[in-house]
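Q: I'm new to this one and would like to go through it slowly. Could you show me the structure before I start asking?

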Amino acid sequence: MLKLERGKCCENGINPKAVYEFINKAEHQNLGIDAFMLIKNGKVVAEGYHNPYTNETPHVLFSMSKSITATALGYAITEGKIELDDSICKFFGEYDKRGKNEDVTVRHLVTMTAGKMIGMATNRHHRDWVKIFFDSPFIAKPGKLFMYTNDNFYMLSAIISKVYGETLVDFLYPRLFEPLGIEKPLWETDDFGYAAGGWGLYMPIEDTAKIMMCYLNGGKWNGEQVLPAEWIEEATAFQVETLKKGQLDVTKGYGFGFWQSPLPNTYRAYGLHGQLGYIFKDKNAVLVINAGISKDELLSTAVRDMYETLWDEPQEEYEEPLYALLAELGDKDDLLATPRNAELEQKFNKKILPTRSSMFASMLHATMTTVLNEPTGKTDRFAFSLDDENNLYMMWKEQTYVNKIRLGMNNEYEHTPVVIGGLKLNAYAKAAWFGKKLVVYVRIVEGCHVRRLEFDFEDEERVHIKNDSFPDMPTLAVHYVDFSGFPLPKGLEKLLKNYVAPGVLLLGEPNFKTKKLRFPKIK
């Protein structure tokens with residue numbers, strides 16, 4: 001990885017007190033930051049990472065992926081292969097013999113005004129996603145209404161790949177990734193090899209920051225024009241009105257894959273759970289955050305508060321305390337280092353714990369599993385095993401995937417590669433015994449959530465398994481409705497959070513109970 005230059009806040013006109021207070025607030029209010037990077041004058045002046053995340057850890061970008069897809073479209077338009085007013089039927093006419101989608105253009109896709117509403121929970125498992133789009137009904141006439149629909153950007157991805165005959169990652173590599181020193185990232189694809197476009201991109205924060213810096217600099221990188229300057233001007237300008245009510249940061253207008261910001265001379269890339277990329281145009285600065293939070297408007301509000309004093313006269317006495325604070329962010333998941341229960345570990349060594357669950361129950365968060373091409377979930381067994389050095393491992397099976405991960409037993413993560421939904425990912429896990437209960441934390445670092453499993457061995461005939469996750473789904477459900485521009489009255493918000501969302505959890509994050517155990521009891 002090509003590293004960015006490092007510098008200090010004060011020497012680059014950044015007030016370290018503003019950053020210090022922002023990080024303090026993030027820690028005390030649990031704003032879920034995984035990785036943080038502030039860049040001024042081309043130098044990283046402040047950065048921080050909660051273990052196990054680093055500046056080189058690929059992280060899910062969710063809808064920040066749209067900004068990269070829009071970037072790919074900019075190349076295709078500049079190269080004369082695609083025009084904004086091209087109908088989607090020009091590229092996929094075989095899906096629409098009667099021309100019902102003839103009026104939907106590339107411009108409508110990239111400005112979220114295609115008039116179609118396809119839910120994120122639409123089952124995409126080994127189905128034709130292009131057909132899903134073409135067959136979906138119109139909610140509004142194309143060009144008349146902004147509707148935040150992820151599949152618009154999937155269609156852009158599919159169109160670019162259809163025109164160029166290569167995946168979106170391969171298309172972008174010589175044009176964007178290679179010049180910026182970015183290795184080919186993982187981008188989820190469908191059965192045709194079309195990248196998800198609106199989601200599914202995983203990149204380290206330092207690589208994401210490079211792309212944001214390239215936008216800040218008018219498309220130039222080390223003096224070379226890497227991005228088309230005219231496209232940047234269009235993509236980051238106000239193109240369409242968005243929502244009239246709801247979260248402040250999504251009511252100021254939309255460009256081509258970028259949101260206008262309530263902050264002056266600022267636009268941003270944005271993704272669910274707090275994936276943020278701010279470009280402060282008149283400050284020569286970029287802020288990138290990867291996070292895992294249920295209500296990411298809290299994080300956006302904290303950024304706006306920091307902005308108010310970030311450019312003030314630097315208060316030098318805060319610089320060293322800031323860097324000390326950033327260096328000591330610590331683990332995402334704190335778990336006491338307790339004595340091990342050797343008796344129970346031996347009893348359950350290499351014993352299968354059969355369970356039942358729905359097709360949605362995965363070690364991944366529901367916001368990832370609902371849009372994967374390859375099905376996950378239906379976890380139907382767990383097992384623990386010891387190796388010759390007395391290291392403890394946990395195995396689980398979901399769908400056809402069986403993974404075995406090592407558990408850190410001293411409040412330290414152990415790393416194990418895993419495969420879920422056809423994706424090669426990385427699990428960091430730790431565990432601790434509390435009497436006859438084993439608490440296990442599993443963090444798939446490409447995602448932004450943690451899975452907490454509590455195995456209760458008190459019942460000698462059955463093992464009870466409590467399943468929790470953060471970010472939590474009930475809070476997210478309310479947040480998403482607000483994000484969509486339909487804030488709920490307090491009564492309906494309470495109903496959704498307290499009754500509807502927990503009902504959904506029974507499918508996606510159920511508690512487990514094993515079948516009756518048949519091996520000898522401990523005496």
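Q: What order do the strands S12-S13-S14-S15 take, and is the pairing parallel or antiparallel?
A: The 4 strands form an open sheet in the order S12-S13-S14-S15, and the pairing is antiparallel. Strands here are DSSP runs of E with at least two residues, helices are runs of H or I with at least four, both numbered from the N terminus, and two strands pair if DSSP finds at least two bridges between them. This is a predicted model, in which local features need pLDDT of at least 70 and side-chain atom pairs count only at pLDDT 80 or more, while totals for chains, interfaces and linings use all residues. Residues are numbered from 1 along each chain as its sequence is written, and side-chain values use heavy atoms, with hydrogens and water left out.

Q: Which strands stand at the edges there?
A: Strand S12 (351-354) and strand S15 (401-406) do, each with a single partner strand, so one side of each is left without a neighbour in the sheet. Neighbouring strands of this sheet are turned by 20 degrees against each other on average, direction ignored; axes are lines fitted to C-alpha atoms, for helices over the stretch in contact, and angles run from 0 to 180 degrees between N-to-C directions.

Q: How many bridges pair S14 with S15?
A: Strand S14 (residues 392-398) and S15 pair in the antiparallel sense over 6 bridges, and within that pairing Met-395 stands opposite Lys-404 in S15.

Q: Ok, and what about the sheet that begins with S16, what's its order?
A: That open sheet has 6 strands in the order S16-S17-S18-S19-S20-S21, with antiparallel pairing. Strand S16 (414-420) and S21 stand at its edges, each with a single partner strand, so one side of each is left without a neighbour in the sheet.

Q: How is S20 joined to S19?
A: Strand S19 (residues 450-456) and strand S20 (residues 464-470) run antiparallel and are joined by 7 bridges. The bridge partner of Glu-454 is Lys-466 in S20, and that of Leu-453 is Asn-467. S20 is also joined to S21 by 2 bridges, again antiparallel, with Lys-513 in S21 as the bridge partner of His-464.

Q: Which side chains of S20 are buried?
A: Ile-465, Asn-467 and Ser-469 point to one face and are buried, whereas His-464, Lys-466, Asp-468 and Phe-470 point to the other and are not. Buried means under 20% relative accessible area, exposed means over 50%, and partly exposed lies in between (1.4 Å probe, protein chains only). In a regular strand the side chains alternate between the two faces of the sheet.

Q: Changing topic, how many aromatic pairs are there?
A: The count comes to 29 aromatic pairs, where rings of Phe, Tyr and Trp (its six-membered ring) pair if their centres lie within 6.5 Å, with planes under 30 degrees apart counted as stacked, over 60 as edge-to-face and the rest as tilted. One of them is Phe-146 with Trp-259, edge-to-face at 5.8 Å centre to centre and 70 degrees between the planes. This pair links distant parts of the chain, since Phe-146 lies in the loop between helix H5 (129-135) and helix H6 (151-164) and Trp-259 in strand S8 (residues 259-260), 113 residues apart. Both Phe-146 and Trp-259 are buried.

Q: What about Phe-382 and Phe-512, how do those rings sit?
A: They form an edge-to-face pair too, 5.5 Å centre to centre with 70 degrees between the planes. Phe-382 lies in strand S13 (residues 379-386) and Phe-512 in strand S21 (residues 512-513), so the pair ties together parts that are 130 residues apart in sequence. Phe-382 counts as buried at 1% relative accessibility, and Phe-512 at 6%. Phe-348, Phe-382, Phe-384, Trp-433, Phe-455, Phe-457 and Phe-512 form one aromatic cluster.

Q: Last one, at what angle do H6 and H7 pack?
A: H6 and helix H7 (residues 168-177) pack at about 75 degrees, with their axes 9 Å apart. That makes H6 roughly perpendicular to H7, as angles of 65 to 115 degrees count as roughly perpendicular, under 35 as roughly parallel, over 145 as roughly antiparallel and the rest as oblique. Ser-157, Ile-160, Ser-161 and Tyr-164 of H6 and Leu-168, Phe-171 and Arg-175 of H7 make the contact, which means heavy atoms within 4.5 Å.
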